[in-house]
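Here are my notes for you to read with the structure open beside them. Take the points one by one and find each residue as it comes up.

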Amino acid sequence: DEPDAPADAAPAAGGAAGAAGTPGAAADKIELFDLKADPGEKANVAAKEPDVVKRLRARYDGLAKEAVPPKNRPKAKDFKVPAVWGEAGAVAAPLTYGK
């Protein structure tokens, strides 16, 4: 298990994916910020800290392999949201209590 990044070296505001680049993102989008010295995230230090970027990328890739794929899938082109009780145009069966 790899140690965490030093407290003064933080990935971009987007989290580890921002530091290592999101899958499919261009390589020049890699960002790494020293939040202790630069809390406003003005100076990207990724080029100065390639070892940190490499370590964070390896950690991100490892975690991404362990992640469970999302359960939601794209909706079919002809999908229509079903009417819900209380919405305009929705027809609801009358409530019967105790029967």
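1. Start with a term you'll need for the salt bridge later on: a residue is buried under 20% relative accessible area, exposed over 50%, and partly exposed in between. Keep in mind, too, that this is a predicted model.

2. Now the overall layout. The chain has 2 helices and 2 strands, and going along the sequence you meet them in the order β-α-β-α. Of its 99 residues, 17% are buried. The chain exposes about 8300 Å², with 57% of that coming from carbon and sulfur atoms. Among contacts with a separation of 6 or more, 38% link residues 24 or more positions apart.

3. How far does the predictor trust its own work? The mean pLDDT of the chain is 75, and 59% of the residues reach 70 or more. Confidence is highest in β2, at 96, and lowest in helix α1 (residues 16–20), at a mean of 42. Over residues 13–22 the pLDDT stays under 50, and the model has 22 contacts beyond four places in sequence for that stretch.

4. Which residues make up the largest nonpolar core? There are 6 of them: Leu32, Val45, Ala46, Val52, Val53 and Leu56. Helix α2 (residues 50–66) gives the largest share of this core, with 3 residues.

5. Have a look at Glu41 next. Glu41 isn't a glycine, yet its phi is positive, at about 50 degrees. You'll find Glu41 in the loop between β2 (32–33) and α2. Is the residue buried, exposed or partly exposed? Glu41 counts as partly exposed, because its relative accessibility is 26% and the partly exposed class lies between 20% and 50%.

6. Last, the salt bridge. A search of the whole structure turns up 1, and the partners are Arg57 and Asp61, whose closest N and O atoms are 3.1 Å apart. Where do the two sit relative to each other? They are 4 residues apart in helix α2, so about one helical turn separates them. Now use the term from the first point: Arg57, with a relative accessible area of 24%, is partly exposed, and Asp61, at 29%, is partly exposed as well. Neither Arg57 nor Asp61 is therefore buried, since that class needs a value under 20%.

Methods. Residues are numbered from 1 along each chain as its sequence is written. This is a predicted model: local features need pLDDT of at least 70, side-chain atom pairs count only at pLDDT 80 or more; totals for chains, interfaces and linings use all residues. Side-chain values use heavy atoms; hydrogens and water are left out. Buried means under 20% relative accessible area, exposed over 50%, partly exposed in between (1.4 Å probe, protein chains only). Contact means heavy atoms within 4.5 Å. Accessible areas come from the Shrake-Rupley method with a 1.4 Å probe; for residues, only the protein chains shown count as cover. A nonpolar core is a set of buried Ala, Val, Leu, Ile, Met, Phe, Trp, Tyr and Cys residues joined through side-chain atoms within 4.5 Å. pLDDT is the predictor's confidence in each residue, from 0 to 100. A salt bridge is a side-chain nitrogen of Lys or Arg within 4 Å of a carboxyl oxygen of Asp or Glu.
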